[in-house]
Protein chains: 2
Amino acid sequence: MSRLADINGAIAALSWDKETYLPPKSDRFRSQQIATLSSISHEEFTSDETRDLLAKTATIKNLTAKEKKNLLVLQKEFDKSVRFSKEFVVKRSMIISQAFHHWVEAKEKNNFKLFAPALDQLINLKREEAAILGKNTHPYNNLLEEFEPGATVEMLDGLFEEVRSKLLPMISKIREAKPVKSSFLKKEYPQGKQWDFGLSLLNSIGYDFDRGRQDISHHPFTIGIAPDDVRITTRIDENDFSNMTFSCLHEAGHALYEQGLDINEYGLPCGGPASLAIHESQSRLWENHVGRSMNFWQAHYPGLQKEFKSLKKVGLKDFYYGINKVKPNLIRTEADELHYHIHVMIRYEIEKEMLMGNLDAAGAQDQWKSKYKDYLGLDIQDDSEGILQDVHWSHGSFGYFPTYSMGSFYAAQFFKQAQKDLTDLDEQIAKGNTAPLLQWLRENIHQHGRRYEAEELCKRVTGKPLNLKAFIDHAKEKYSDIYRINL
Amino acid sequence: MSRLADINGAIAALSWDKETYLPPKSDRFRSQQIATLSSISHEEFTSDETRDLLAKTATIKNLTAKEKKNLLVLQKEFDKSVRFSKEFVVKRSMIISQAFHHWVEAKEKNNFKLFAPALDQLINLKREEAAILGKNTHPYNNLLEEFEPGATVEMLDGLFEEVRSKLLPMISKIREAKPVKSSFLKKEYPQGKQWDFGLSLLNSIGYDFDRGRQDISHHPFTIGIAPDDVRITTRIDENDFSNMTFSCLHEAGHALYEQGLDINEYGLPCGGPASLAIHESQSRLWENHVGRSMNFWQAHYPGLQKEFKSLKKVGLKDFYYGINKVKPNLIRTEADELHYHIHVMIRYEIEKEMLMGNLDAAGAQDQWKSKYKDYLGLDIQDDSEGILQDVHWSHGSFGYFPTYSMGSFYAAQFFKQAQKDLTDLDEQIAKGNTAPLLQWLRENIHQHGRRYEAEELCKRVTGKPLNLKAFIDHAKEKYSDIYRINL
């Protein structure tokens, strides 16, 4: 498993480079390199040697609980991955690598047609993949399993039903209230100063630059190249303060999780994340519960205000209101805490239909437009701000989006628990000291990796399974204050 | 071979990252990743499958000359590499990876003791490697073969004897002449402006930034990650104009060679360089015969002078004299065109003794000091400017240094031929147009890759085998003019 982790780490390094520093015309060979290493990784993991080693390990007496868990997950993954032929794995890697570059070009040129053929290829690929994984369940469930073991279409349909019945009415009420001002966030924020401010936030919350780095890419991401090498990327818009700042905090949340995993479990399930939703809970916790809180900016706003002349006349409270403005918009990553889940719901509904064979690329584009009109009252003018905005599908990630919402709900539940366990948490954050929170996360979540599955971990930490109460309570309290209404 | 080229390209990407952007504490896992991929590459190349494919290919009738050459080289490399056990390959990769980081630390802290144990390990490793390659020849010949097929200790001893009899007397005469001024080169040259000027030179001579990029590293290098991804690095000293400028031109010379190789021969010998000395001939040709010529600066000096206030009062001729100043110094990469070969000779003499088992790390340090005293009259105060200055040994490269001198002598011979073939070459260079020269190199050298071995290529291009005449003629003419003496 250590050898496989080395190969997968190399693939991660090649992928990082591909989205940061790769020369413009080098795509073909890079895709080929990644495909070759993916094929080697697949060959080695699905080999008879692995089968024999797993069988042999299973006969060892007195395995620790952690060792048993590692073995259980590996056996499950082995059983799953031997279903894929070498040819399929190579094909998948090539299609995905090329699709990504078609997406970049299509987005740059604001022309969905340049990506549509690749998306149709991806839909067929993922339907094929789902069919290989099992023909008796919903195809979407098979793909969900890759990101969020245990989650199902039934569970998600129920979850988003609750989003509709509880969150949508809240959003409607807010839209009737007097809007808060946020235009100052769209004034001039020079690139170099934003970059420096981002670094200062990262340092402040404990991101370890000796074991990671930040760079610029099209779409921000976090990537674990090795336990001591967890990198993040961001993007900077000189006329949008929020874009970089909250992506920094978001990716740092992911990275803090990976930097807190157990290095002694290198290459083993217990040395990896519990699930994507748990991963996302960490990013959302830092982005929203810390980064969009009044407490956090009590500590950081004075320094920030000094750096940017666009904030010279903006008080702390108005700044706090501004960064929490609730307003429908086109871009998921720039959405407020509440509308965010409407963006996710739209993607979930579309990709579910694509995988059931009811929608092709052209149909998905139509659905995108009509759903944004129906749910958010928005017209899509440019595909680059519509169906082309997210990198995920071009990466072959179908079934990934719902984990974003689950992650937010986990985040609310975890943060509420941290506030209970650490009685002066809010006070410390207001002093700029997030070290106790990080310590709490390290102990309760990070160090365990996949020792416990998402639901089990959530019960251990908060005493309850995943539910929307903490999130809805948090939203009610926060936005009743900001909008001075009774939610 | 294409699959192996993918793996080796991935190793190159990991190595590039290691020396440019790797976070400080990520060394351990990076070394492990490189070791694992090296081991896979070795396993695959030395597999029974490769043996069978080579045997099968050998029976094909009507192979082209190029195909025959590919097969011949691959069979030779196969026969050589199956001599190394998997364990030895992994051990070699680990020792070398770790040695590099010891060297970085030792150099930073100016303390040879921090590198000495690693160097002793490397000496033993390379002696072991030489013994595996063949017990009946000089151990140094076995390692030379890796970089410069056909070169031998006997040949190099003869070559450096000629350096002693012809070059050393020339240097002595110059040291008695009136020195030229160069202090203006050590004034203030702001980092950002140097970087921009470097990029402008690279663009001007035809380095393709769509298929490569430049970054900063401890020691400048060129690395081919893929045919469409040939990267270079440089370093900038704000108080030394020459350091970055000539390293830029040097590495660009290497990169132009790799960018000119035949992409259709990907992974095959004819798609790779002929030898290290031929590779070096390309860097030396651009660095010295173009970059240190009066013609080149006639085109570029006016723009340069405008950018840097340190050159405001320096005329073109004085600038040209300054960048060609002949003076003994401690650092090989900053040596002038003539003393350069004395630096190489010292390294050659020391590494030959190390490989014969006559010198350990401590002894090498002593020899370094005494030889710099004897040949150049210089005292070594700091190891960082002495035995720690070069990266090569820490990379496990023993037998590499002599190819630098051979490369310079090839460069002189090739450039003389280009001047014969392109009658207005000097005139075009003086206009800032080096495209015809690049075209000549592409046609006569680059496109062939390893289709012809170094000596054969040299005869095809210049009509003669490698000899010192062109270099000595070039030096006599150039330095007689600069120092106004009769050399």
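This is a walk through two interfaces, one inside chain A and one between chain A and chain B. The model is predicted, so please read every value below as computed from it.

Let us start inside chain A, which splits into domain 1, residues 2-140, and domain 2, residues 153-483. Their C-alpha centres are 26 Å apart. Where the two meet, domain 1 of chain A contributes 40 residues and domain 2 of chain A contributes 50.

How much area is buried between domain 1 and domain 2 of chain A? About 4,100 Å², with carbon and sulfur atoms giving 65% of that area. On the domain 1 side, the residues that lose the most area to domain 2 are A:Trp16, A:Phe112 and A:Tyr140, and together they make up 20% of what that side buries. If you have the model open, these three are a friendly place to begin looking.

Turning to polar features, 3 salt bridges cross the interface of the two domains. In a salt bridge at 2.5 Å, N to O, the side chain of A:Lys69 meets that of A:Glu453. There are also 18 residue pairs in polar contact between domain 1 and domain 2 of chain A, counting pairs with both residues at pLDDT 80 or more. The elements that give two or more residues to the domain 1 side are helices H1 (2-18), H4 (65-81), H5 (86-108), H6 (116-133) and H7 (139-147) of chain A. By class, the domain 1 side holds 22 nonpolar, 8 polar and 10 charged residues.

Now step outward to the partner chain. Here 40 residues of chain A touch 40 residues of chain B. The two chains bury about 3,200 Å² between them, and 57% of this lies on carbon and sulfur atoms.

Between chain A and chain B the count of salt bridges is 8. In a salt bridge at 3.7 Å, N to O, the side chain of A:Asp210 meets that of B:Lys25. Polar contacts across this chain interface come to 18 residue pairs, both residues at pLDDT 80 or more.

Which elements of chain A supply at least two residues each to the side that touches chain B? They are H1, helix H2 (27-45), strand S2 (222-226) and strand S3 (229-234) of chain A. The largest share, 11 residues, comes from H2 of chain A. Sorted by class, the side of chain A that touches chain B has 18 nonpolar, 8 polar and 14 charged residues.

Key:
Residues numbered from 1 in each chain as written. Chains lettered and ligands numbered in written order. Predicted model: local features only at pLDDT ≥ 70, side-chain atom pairs only at ≥ 80, totals over all residues. Heavy atoms only, no water. Domains from an automatic or database assignment. Contact = heavy atoms within 4.5 Å. Buried area = accessible area lost by both parts, 1.4 Å probe. Salt bridge = Lys/Arg side-chain N within 4 Å of Asp/Glu carboxyl O. Polar contact = N/O pair within 3.5 Å; in protein donor to acceptor, adjacent residues only side chain to side chain. Helix = DSSP H or I, 4+ residues; strand = E, 2+ residues; numbered from the N terminus. Nonpolar A, V, L, I, M, F, W, Y, C, P; charged D, E, K, R; others polar.
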